[in-house]
Amino acid sequence: MLILASGSAIRRQLLQEAGVPITTHPVAVDEDALRHHAEQEGLSLRETALTLARAKARAASSAFPHHYILAADQLLDLEGTAFAKARTMEEARSHLLTLRGKTHALHTALTLWKDGQESWAHSESPRLTMRSFSPAFLDAYLHKEGTALLACVGCYRIEGMGIQLFHLIEGGHDAIAGLPLLPLLHALRERSILPS
Ligand SMILES: Nc1nc2c(ncn2[C@@H]2O[C@H](COP(=O)(O)OP(=O)(O)OP(=O)(O)O)[C@@H](O)[C@H]2O)c(=O)[nH]1
């Protein structure tokens, strides 16, 4: 059984729909402190996402000896500036207006741990170009999507109405949602967690 050390509903959903048996075990790490430390160390945002994923895996590892633990992290990068999740709908509106008409990257990192050691890691950075949507569209979008947006680092659900925000997407929708499935499934088969 794979332990998913994440509170992300979409990560859980993607794994379950792909037929991967999991047990979820969300962990709390101080992401702000870890991001700040990574910045002090001069890490790139992509490296920072992997560092955060590793911290989550490490936090879960002691509770599940001899089990594989999957942890993940995702950072939004707009021209070198990292965005965290919005805390309020007003902040979500502000984030989307800042991203409007520009291209941002989602640095998405995964790590598999077992018995306190990293067994596999993967990161990728889909790039999304947001169209210059109208104020009326933004109002309708925020009203329809509601506070579900606060669980999404970019204030959009690509599998929902969020797709209407973009006119160019380079990368898979699974990676955008925070879980690049194909490389992960390969790693799980290599470790006999899934049948070949
Ligand atoms: N449903 C959905 N969620 C998204 C999308 N893009 C990003 N996210 C979510 O945004 C969140 C990024 O924050 P993270 O710090 O990686 O993860 P988290 O939600 O805090 O959960 P943990 O793994 O427990 O840290 C994840 O839950 C992603 O699944 C999307 O298009 N759709």
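## The ligand and its pocket

A polar side-chain atom of serine 6 lies 2.6 Å from an oxygen atom of the ligand. The model is predicted. Two further side chains make polar contacts with the ligand. Lysine 56 places a side-chain N or O atom 2.7 Å from a ligand oxygen atom. Glutamate 159 has a side-chain N or O atom 2.8 Å from a nitrogen atom of the ligand. Taken alone, the ligand exposes 620 Å², and the protein buries 91% of that.

The table sets out these contacts.

| Residue | Ligand atom | Distance |
|---|---|---|
| Serine 6 | oxygen | 2.6 Å |
| Lysine 56 | oxygen | 2.7 Å |
| Glutamate 159 | nitrogen | 2.8 Å |

**The shell**

How many residues surround the ligand? There are 20. Ser6, Gly7, Lys56, Lys85 and Ala177 are the closest. By class, nine residues of the shell are nonpolar, four are polar and seven are charged.

Several elements of the fold take part. Helix α1 (9-17), strand β3 (68-78) and helix α6 (173-177) each give at least two residues to the shell. Strand β3 supplies the largest share, with three residues.

**The pocket**

Where does the ligand sit? It sits in the largest pocket. About 930 Å³ of space lies in that pocket. Its lining has 39 residues. Those closest to the pocket centre are Arg11, Lys85, Ala151, Cys152 and Val153. Lys85 is thus listed here, and Lys85 is also among the closest residues to the ligand.

The lining divides into 20 nonpolar, eight polar and 11 charged residues. Which elements supply at least two residues each to this lining? They are α1, α2 (31-40), β3, α4 (89-99) and α6. Among them, α1, β3 and α6 also each supply at least two residues of the shell around the ligand.

In short, the ligand lies in the largest pocket, and the protein buries 91% of the area that the ligand exposes when taken alone.

Key. Residues are numbered from 1 along each chain as its sequence is written. This is a predicted model: local features need pLDDT of at least 70, side-chain atom pairs count only at pLDDT 80 or more; totals for chains, interfaces and linings use all residues. Side-chain values use heavy atoms; hydrogens and water are left out. A residue is near a molecule or strand if one of its heavy atoms lies within 4 Å of it. A polar contact is a pair of N or O atoms within 3.5 Å; within protein, one must be able to donate a hydrogen and the other to accept it, and residues adjacent in sequence count only if both atoms are side-chain atoms. Accessible areas come from the Shrake-Rupley method with a 1.4 Å probe; for residues, only the protein chains shown count as cover. On a 1 Å grid over the protein atoms alone, a cavity is a set of points where a 1.4 Å probe fits but cannot get out, and a pocket is an open set with protein on both sides within 12 Å along at least five of seven lines; lining residues have an atom within 4 Å of a point. A molecule sits in a cavity or pocket if more than half of its atoms lie within 2 Å of its grid points. Helices (H or I, at least four residues) and strands (E, at least two) are DSSP runs, numbered from the N terminus. Ala, Val, Leu, Ile, Met, Phe, Trp, Tyr, Cys and Pro count as nonpolar, Asp, Glu, Lys and Arg as charged, and the others, Gly among them, as polar. Grid points are joined across faces, edges and corners, and a volume is the space filled by probe spheres set on the points.
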